[in-house]
Amino acid sequence: MTVTKSDFDPKCFGSQYQDPPDTLHFQFDGVRCDNYVYRYVLVDKFRPNKIDSRSKKTEEELGKSGKEIANGYLPLVLKQETKPGLIDKIKKIFSNG
C-alpha cells in the first residue's frame, strides 16, 4: 500500500472522530523533518477557556518552552506499563532536541 503525505496531514481531520483519539500521526514538509511520520500521544486535555489559543499554553505553562512542558509529562508517561524499548525511545526524544 502506498502511503502519501496526505494520509498524515493535520489539515485532514474533518469530522472523522466521534471520540478523541489516543494517538495522532503527522507528516511534515519542513526541511529538518525528514521523511518520517511523527506520532503524538494524548497526555492531557483542557477546556478551551483554560488554554491560550495562540500560545497553546495554560496559565501555569506561560514562560516555559515546549520542551519544558513536554518534560513535565515524561514522569506521567513512564508510570504506565510500557514496553522497555518504548521507554528508551521516550527518554531519547526528551533528551535530544
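**Aromatic rings and a buried threonine**

Phenylalanine 28 is partly exposed in this predicted model, its relative accessible area being 28%, whereas phenylalanine 26 has a relative accessible area of 12% and is buried. Since the limit for calling a residue buried is a value under 20%, phenylalanine 26 falls inside that class at 12%, while phenylalanine 28, at 28%, is placed in the partly exposed one.

A search for aromatic pairs across the whole structure yields four of them. In one of these, the rings of phenylalanine 26 and phenylalanine 28 meet in a tilted arrangement, with 5.9 Å from centre to centre and 45° between the planes. Phenylalanine 26 also pairs with tyrosine 40, again in a tilted arrangement, where the centres are 5.7 Å apart and the planes make an angle of 50°. Because phenylalanine 26 belongs to strand β1 (residues 23-26) and tyrosine 40 to strand β2 (residues 38-41), this pair ties together parts that lie 14 residues apart in sequence. Tyrosine 40 itself is partly exposed, with a relative accessible area of 41%, so the pair joins this partly exposed ring to the buried phenylalanine 26. Taken further, ring pairs link Phe26, Phe28, Tyr36, Tyr38 and Tyr40 into a cluster.

A further residue to consider is threonine 58, which is located in the loop between β2 and α1, the latter covering residues 66-79. Although it is a loop residue, threonine 58 is buried, with a relative accessible area of 6%. When neighbours within four places in sequence are left aside, the residues in contact with threonine 58 are Phe46, Lys50 and Ile51.

Terms used:
Residues numbered from 1 in each chain as written. Predicted model: local features only at pLDDT ≥ 70, side-chain atom pairs only at ≥ 80, totals over all residues. Heavy atoms only, no water. Phe/Tyr/Trp six-rings, centres within 6.5 Å; stacked < 30°, edge-to-face > 60°. Buried < 20%, exposed > 50% of the residue type's maximum accessible area, 1.4 Å probe, protein only. Helix = DSSP H or I, 4+ residues; strand = E, 2+ residues; numbered from the N terminus. Contact = heavy atoms within 4.5 Å.
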